Amino acid sequence: MNKTHPQRNGDVTTFASTESFSGERGRCHPCGARTGCTQRHLCISAVVLLVLGAALASGLALALLPRAPANRFCTAPNNRTGFLCDDRVTCVPASWVCDSISNCRNGEDEQEQLCGDLPHSLPGFLVFYCSDRRSWVYADQRCNGMNDCGDCSDETWSLAACPPCGQDWWSCSPVHFQFCSCVPRRLCRDGVQHCLGWSDEFVCTA
Ligand SMILES: [Ca+2]
Ligand SMILES: [Ca+2]
């Protein structure tokens, strides 16, 4: 009986007032004072946002980084066998690979991995082996009208399987070592013999 209880009306009033106060404080109770709690939540949110932002930026950067094409084969101007650069657009002729001049934007046509042990370090499509297998030329030197192998195996032999002389060439047995079975038409009727039978001077029409 000595225990004091608030009167009903007072009890309700007092309790309601206490609940309101406790409720307001209760939201912040787990992390201390209200101001501290808000600042901490803001800090945590900011850190989470920063981490998410960094992850997103890293993902975008990785996605935008140029990746080397799995297949480097391409066809360069004048139908020459070519090497595809990392930009997947630039196609440099095979014989421009490992010539000590950077032709791809990032120099991937001159990288050590490609040029370190020629011709073995080159992709097979860039290489043509002459009749003497110790000799090789670049694939775009096959059937280009010039005697690159030295024995014309890149031009006239069945190994090369070249088409007949193109419209810019004149078919004959050349006098000069540099040609095999065709001479450029621009050499026709220039006053200099290029074919054994002189057809370049007396038959050929430029
Ligand atoms: Ca080059
Ligand atoms: Ca050739």
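**Close-up 1. Arg-80 and Asp-140 pair up in a salt bridge.** Here the closest N and O atoms of the two side chains sit 2.9 Å apart. Keep in mind that this is a predicted model. Arg-80 belongs to strand β2, while Asp-140 is in the loop between β5 (136-138) and β6 (169-171), so this pair ties together parts that are 60 residues apart in sequence. Are the two partners buried or exposed? Arg-80 is partly exposed, with a relative accessible area of 28%, and Asp-140 counts as buried at 6%.

**Close-up 2. Asp-86 meets Arg-72 in another of the structure's three salt bridges.** Side chains of opposite charge can pair when their charged atoms come close. For this couple, the N to O distance is 2.8 Å. The bridge links distant parts of the chain, 14 residues apart: Asp-86 is in the loop between β2 (80-84) and β3, and Arg-72 is in the loop between α2 and β1. Asp-86 is buried, at 17% relative accessible area, and Arg-72 is buried too, at 13%.

**Close-up 3. Arg-134 and Asp-132 make a salt bridge as well.** Their side chains meet at 3.2 Å, N to O. Arg-134 is exposed, with a relative accessible area of 73%, whereas Asp-132 counts as partly exposed at 30%.

**Close-up 4. Six residues hold the calcium ion (ligand 1).** Trp-96 and Ile-101 each offer an O atom, Asn-103 gives its OD1, Asp-99 and Asp-109 use OD atoms, and Glu-110 uses OE, at 2.1 to 2.4 Å. Why is this site called octahedral? The six donor atoms subtend angles of 77 to 168 degrees, which makes the arrangement octahedral. Read along the chain, the donor residues follow the spacing W-x2-D-x1-I-x1-N-x5-D-E. Trp-96 and Asp-109 both lie in the loop between β3 (91-93) and α3, so the pair ties together parts that are 13 residues apart in sequence. Trp-96 is partly exposed at 38% relative accessibility, but Asp-109 is buried at 0%.

**Close-up 5. The calcium ion (ligand 2) has its own set of donors.** Gln-141 (O), Asn-144 (OD1), Met-146 (O), Asp-148 (OD), Asp-154 (OD) and Glu-155 (OE) coordinate this ion at 2.1 to 2.3 Å. The six donor atoms make angles of 77 to 180 degrees, and the site is octahedral. Their spacing along the chain is Q-x2-N-x1-M-x1-D-x5-D-E. Met-146 counts as partly exposed at 27% relative accessibility, and Glu-155 counts as buried at 10%.

**Close-up 6. Phe-73 and Phe-125 form one of four aromatic pairs found in the whole structure.** Their ring centres are 5.4 Å apart and their planes sit at 80 degrees, so the pair is edge-to-face. Phe-73 lies in strand β1 (residues 73-76) and Phe-125 in the loop between α3 (112-115) and β4 (127-129), so the two rings tie together parts 52 residues apart in sequence. Phe-73 is partly exposed at 43% relative accessibility, and Phe-125 is partly exposed at 25%.

**Close-up 7. Trp-198 and Phe-202 form a tilted aromatic pair.** The centres are 6.2 Å apart, with 45 degrees between the planes. Trp-198 counts as partly exposed at 37% relative accessibility, while Phe-202 counts as exposed at 61%.

**Close-up 8. Ile-44, Val-48 and Leu-52 form a nonpolar patch on the surface.** Together they have about 280 Å² of accessible area. Ile-44 is found in helix α2 (residues 34-64) and counts as partly exposed at 48% relative accessibility.

Key
Residues numbered from 1 in each chain as written. Chains lettered and ligands numbered in written order. Predicted model: local features only at pLDDT ≥ 70, side-chain atom pairs only at ≥ 80, totals over all residues. Heavy atoms only, no water. Phe/Tyr/Trp six-rings, centres within 6.5 Å; stacked < 30°, edge-to-face > 60°. Helix = DSSP H or I, 4+ residues; strand = E, 2+ residues; numbered from the N terminus. Buried < 20%, exposed > 50% of the residue type's maximum accessible area, 1.4 Å probe, protein only. Donors = N, O, S within 2.8 Å, 3.2 Å for Na, K, Ca; no water. Tetrahedral: all angles 85-135°; square planar, octahedral: opposite > 155°, others 65-115°. Patch = residues over 30% accessible without salt bridge, like charges linked within 9 Å, V, L, I, M, F, W, Y side chains within 5 Å. Areas by Shrake-Rupley, 256 points an atom, 1.4 Å probe, with all protein chains shown as cover. Salt bridge = Lys/Arg side-chain N within 4 Å of Asp/Glu carboxyl O.
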